[in-house]
Amino acid sequence: MITKMGLAFQGVWVGLYLLSYGNALIPSLSSRKTRAQVAVSVVGNVDDATQARSAFGTKTYWDEVYEGRGDFPADEYSWYYGWDTLKPYVTSHVPKSAKILLPGVGNDPVLLDLVKAGYRFLTAQDYSSYAIDRQKDLLSYEDTQATIQVQLSIGDVRKLPQDWNGAYDAVLEKGLLDAVYLSGDGNLEQAVESLTRVLRPGGILISVSGVVPEDLRRIAFGAGWEWLRDGGADLQAGCFVFRKTI
Ligand SMILES: C[S@@+](CC[C@H](N)C(=O)[O-])C[C@H]1O[C@@H](n2cnc3c(N)ncnc32)[C@H](O)[C@@H]1O
């Protein structure tokens, strides 16, 4: 079972890498100018998983990727799919005025896409400081006059700061819960509990996921959640949209 999940995850990864590598790269960094202001905070300690189901569930693996010593591009890479596919789901459920958390953001240019789409109150978080460095690089080249409030935060999604409680109108996670599930038993439940805590009642959680088993997702997003979109039948990783009801 454990090996099967690990291989399944790798299969998704490699397949999508081949499909999306060219599309994922946004225009040459040197063509953009420095404007965005960002603040970085460091929150909580991370215990590296000793119970991981596969390497994708370890922090060491992700640090190596974002440091440029891994299997995938260090500068930017979008898991599963990018803004073109996400856009209708995000824009139909999340207003531009929303305060949005992107946990496990990696080096995904979707943060930049949200800024370009007019979202202004964004927090991007990851437990790899190298991922946050990559996001700083991406944002520093954004050519925009707009006033944006982007916070970058380093920390474990299972231990989000207490002063974030109820602070977010929306959470957009892509591949984070998959990696957390692969880090070992009980971690997905802790991550969902932590994300639930920082989301306000009525808030939206968009989850793009290809690995979390359906029965576990049903339990984790059971009581207290309304399923606005079930991505179970999606061809690629499912795009699930949940509303926190309490
Ligand atoms: C599959 S990648 C997805 C990256 C990005 N969201 C995307 O869609 O391209 C999973 C990300 O989750 C991060 N991650 C894994 N476990 C985490 C944890 N416990 N806390 C915070 N970030 C975590 C990894 O560092 C990695 O950036």
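Asp-108 sits in the loop between strand S2 (99-103) and helix H4 (110-116). It's a charged residue, and at a relative accessible area of 7% Asp-108 is buried, because the cut-off for that label is under 20%. Setting aside residues up to four places away in sequence, Asp-108 touches Tyr-77, Ser-78, Gln-135, Leu-138 and Lys-174. One of those partners, Lys-174, turns up again below, as it is among the residues that come nearest to the ligand. Keep in mind throughout that this is a predicted model.

**The overall picture**

Stepping back, the protein has eight helices and eight strands. Of its 246 residues, 51% are buried. Look at the contacts with a separation of 6 or more, and 76% of them join residues 24 or more positions apart. The accessible surface comes to about 11000 Å², and carbon and sulfur atoms hold 52% of that.

**The ligand site**

There are 20 residues around the ligand, and the ones that come nearest are Tyr-66, Trp-79, Gly-104, Asp-126 and Lys-174. Sorted by character, the shell has ten nonpolar, six polar and four charged residues. Which elements supply at least two residues each of this shell? They are helix H2 (59-67), strand S3 (121-126) and helix H6. H6 gives the largest share, with three residues.

Three backbone contacts with the ligand are worth having side by side:

| Residue (backbone N or O atom) | Ligand atom | Distance |
|---|---|---|
| Trp-79 | oxygen | 2.8 Å |
| Gly-104 | nitrogen | 2.7 Å |
| Val-157 | nitrogen | 2.9 Å |

How much of the ligand does the protein bury? Taken alone, the ligand exposes 590 Å², and the protein buries 97% of that.

**Helix H2 and the loop after it**

H2, one of the shell's suppliers, has these buried residues: Lys-59, Tyr-61, Trp-62, Asp-63, Val-65 and Tyr-66. Tyr-66 is also among the residues that come nearest to the ligand. Just after H2, Gly-68 takes a positive phi of about 95 degrees.

Further along, Tyr-80 lies in the loop between H2 and helix H3 (83-93). Most residues other than glycine have a negative phi. Tyr-80 goes the other way, with a positive phi near 65 degrees. Is Tyr-80 buried or exposed? At 1% relative accessibility, Tyr-80 counts as buried, since the label needs a value under 20%.

**The nonpolar core**

In soluble globular proteins, nonpolar side chains tend to be buried together. Here the largest nonpolar core has 68 residues, and those with the most contacts inside it are Leu-86, Val-90, Val-94, Leu-102 and Leu-122. Helix H6 (residues 176-182) brings six residues to this core, the largest share. So what does Leu-102 touch, leaving out residues up to four places away in sequence? The list is Val-110, Leu-111, Leu-114, Leu-122, Thr-123, Ala-124, Gln-125 and Leu-172.

**Around strand S7**

Gly-224 is found in the loop between helix H8 (214-220) and strand S7 (225-229). Buried or exposed? With 18% relative accessibility, Gly-224 counts as buried, because the cut-off is under 20%. Gly-224 and Arg-243 are 19 residues apart along the chain, with their C-alpha atoms separated by 8.4 Å. Not counting residues up to four places away in sequence, Gly-224 touches Arg-243, Lys-244, Thr-245 and Ile-246.

Glu-226 has its place in S7 itself. At 35% relative accessibility, Glu-226 counts as partly exposed, because that label covers values between 20% and 50%. Under the rule of skipping residues up to four places away, Glu-226 touches Val-241, Phe-242, Arg-243 and Thr-245. Arg-243 and Thr-245 are thus on the contact lists of both Gly-224 and Glu-226. Glu-226 and Ile-204 are 22 residues apart in sequence, and 9.5 Å apart in space from C-alpha to C-alpha.

**Back to helix H4**

The loop holding Asp-108 leads to H4, and Lys-116 lies in that helix. Lys-116 has 45% relative accessibility, which means partly exposed. From C-alpha to C-alpha, Lys-116 and Glu-142 are 8.8 Å apart in space, and they are 26 residues apart in sequence.

Terms used
Residues are numbered from 1 along each chain as its sequence is written. This is a predicted model: local features need pLDDT of at least 70, side-chain atom pairs count only at pLDDT 80 or more; totals for chains, interfaces and linings use all residues. Side-chain values use heavy atoms; hydrogens and water are left out. A nonpolar core is a set of buried Ala, Val, Leu, Ile, Met, Phe, Trp, Tyr and Cys residues joined through side-chain atoms within 4.5 Å. Buried means under 20% relative accessible area, exposed over 50%, partly exposed in between (1.4 Å probe, protein chains only). Helices (H or I, at least four residues) and strands (E, at least two) are DSSP runs, numbered from the N terminus. Contact means heavy atoms within 4.5 Å. A residue is near a molecule or strand if one of its heavy atoms lies within 4 Å of it. A polar contact is a pair of N or O atoms within 3.5 Å; within protein, one must be able to donate a hydrogen and the other to accept it, and residues adjacent in sequence count only if both atoms are side-chain atoms. Accessible areas come from the Shrake-Rupley method with a 1.4 Å probe; for residues, only the protein chains shown count as cover.
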